[in-house]
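Trainee: I am new to this structure. Please take me through the sheet slowly, one strand at a time.

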Amino acid sequence: MTAATYQYVDLPDASVVTTRALLTARENITDTVAARAMMCIHGGAGHGKTLAVNTCLRALEPGEDVRRVTFRARPTARAVRYELFTALDLAGEPPRHPSEFDRLLKTALAERPRTFLVDEAQWLNGEAFEYFRYLWDEPATQLAIIFVGGEGCHTVLRREPMLSSRIFIWQRPRLTSGRNLEVIPLFHPIWADADPDDITFADSHAAHGNFRAWAQLTAHTRTALARTGRPRVDQELLRWAFSRLA
C-alpha cells in the first residue's frame, strides 16, 4: 500500500510496512469479525492504530459491510444514535424518542452482518460504550465492533466490568526500537540506503518509535535532501530536520 493511503502527512513514496503489529492486527480483526465480537486496539497518539485497522478492514471489504464512526468530543448515547443513523445511511428523519430510535437501529442492524470501526474511542464515556454494548447484546443484531483509541479508551473499558468482560481481544501496537532497522528502510526510499547508525540516531533524538513522528521527520528530511542535493541522509541533515520538530 502506497502513500495515497498514508494518513499523517502528504508524503510521496511512503509505504505501509507489514510490521508484526500490523500482522497481529490483521489476525485479531479477522478473528473478531468472524466471531461477531468486540475488540479494543489502544495506545498513544501516532502509534499507527487507525492506519493498521483501516488497512486490515479494507482487505475485508467489499465482502464485509464496514461502517466507520469517529468521535471528536464526549458523546451522549443520543449523539451515538445519530452517528449510527448517519453511518448506516438510513432514510428519512431520525426518530425523536429514544425507544423508537433504538428499535430502528436494531432493525437495521439485524438485516445483515456488519462491522463498526469506532475511531477516536478515547472520547467515549461509560454511557456511550454502554450503548454500543446494548446494541451488540441484542440477539438479532450481527455486529462486530472495533474500538480504536488512546489510553483513555482502555481505561474506561477496563473500569466497566459489563463492558470489559465482552471485549474479545485487546491490542496495543507500538514500533519498538529494535524493529526500526527492519521497518524504516521499507517505509520510505530515503531510508533505504541510510546508515543504520543514522536511523538509530533519528529515532533516539526525534521519532522515539512513533509512526507519526517518523512520517513528519521523513517529510522534513526529504525536503532537506532536495534542497541540498545530497544523495543520502546524514546526521547534519537530520539535525536540521530535528530543529523543525522542536
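Mentor: What follows looks closely at the sheet and then at its surroundings.

This is a predicted model, in which local features need pLDDT of at least 70, side-chain atom pairs count only at pLDDT 80 or more, and totals for chains, interfaces and linings use all residues. Residues are numbered from 1 along each chain as its sequence is written, and side-chain values use heavy atoms, with hydrogens and water left out.

Start with the whole. The protein chain has 11 helices and 5 strands. Both are DSSP runs numbered from the N terminus: helices are H or I with at least four residues, strands are E with at least two. The C-alpha trace spans about 65 × 35 × 30 Å along its principal axes. Of the 246 residues, 48% are buried. Buried means under 20% relative accessible area, exposed means over 50%, and partly exposed lies in between, with a 1.4 Å probe and protein chains only.

Now the sheet. It is open, has 5 strands and pairs them in parallel. The order is β2-β3-β4-β1-β5. Two strands count as paired if DSSP finds at least two bridges between them. β2 (66–70) and β5 (167–171) are the edge strands. Each has a single partner strand, so one side of each has no neighbour in the sheet. On average, neighbouring strands are turned by 15° against each other, direction ignored. Axes here are lines fitted to C-alpha atoms, for helices over the stretch in contact, and angles run from 0 to 180 degrees between N-to-C directions.

Look hardest at β3. This strand covers residues 114–119 and is joined to β4, residues 143–149, by 5 bridges. The two run parallel. R114 has L143 as its bridge partner in β4. V118 stands opposite F147 in β4. On its other pairing, β3 meets β2 in the parallel sense over 5 bridges. There, R68 stands opposite L117 in β3.

How are the side chains of β3 arranged? R114, F116 and V118 point one way, while T115, L117 and D119 point the other way. In a regular strand, side chains alternate between the two faces of the sheet. For β3, 6 of the 6 residues are buried, so the strand is largely enclosed by the rest of the structure.

Helices lie against this sheet. Helix α1 (residues 20–35) lies across β1 (38–42), β3, β4 and β5. The helix runs at about 170° to β5. Helix α3 (residues 77–87) packs on the sheet too, touching β2 and β3. The direction of α3 makes about 140° with that of β2. Contact means heavy atoms within 4.5 Å.

Finish with some backbone details outside the strands. Most residues other than glycine have a negative phi, and most peptide bonds are trans. A cis peptide bond joins E61 and P62, with omega about 0°. P62 sits in the loop between α2 (49–60) and β2. D89 has a positive phi, near 55°. This residue is in the loop between α3 and α4 (98–109). At 62% relative accessibility, D89 is exposed. D13 also has a positive phi, near 75°. D13 lies in the segment before α1 and is exposed, with a relative accessible area of 51%.
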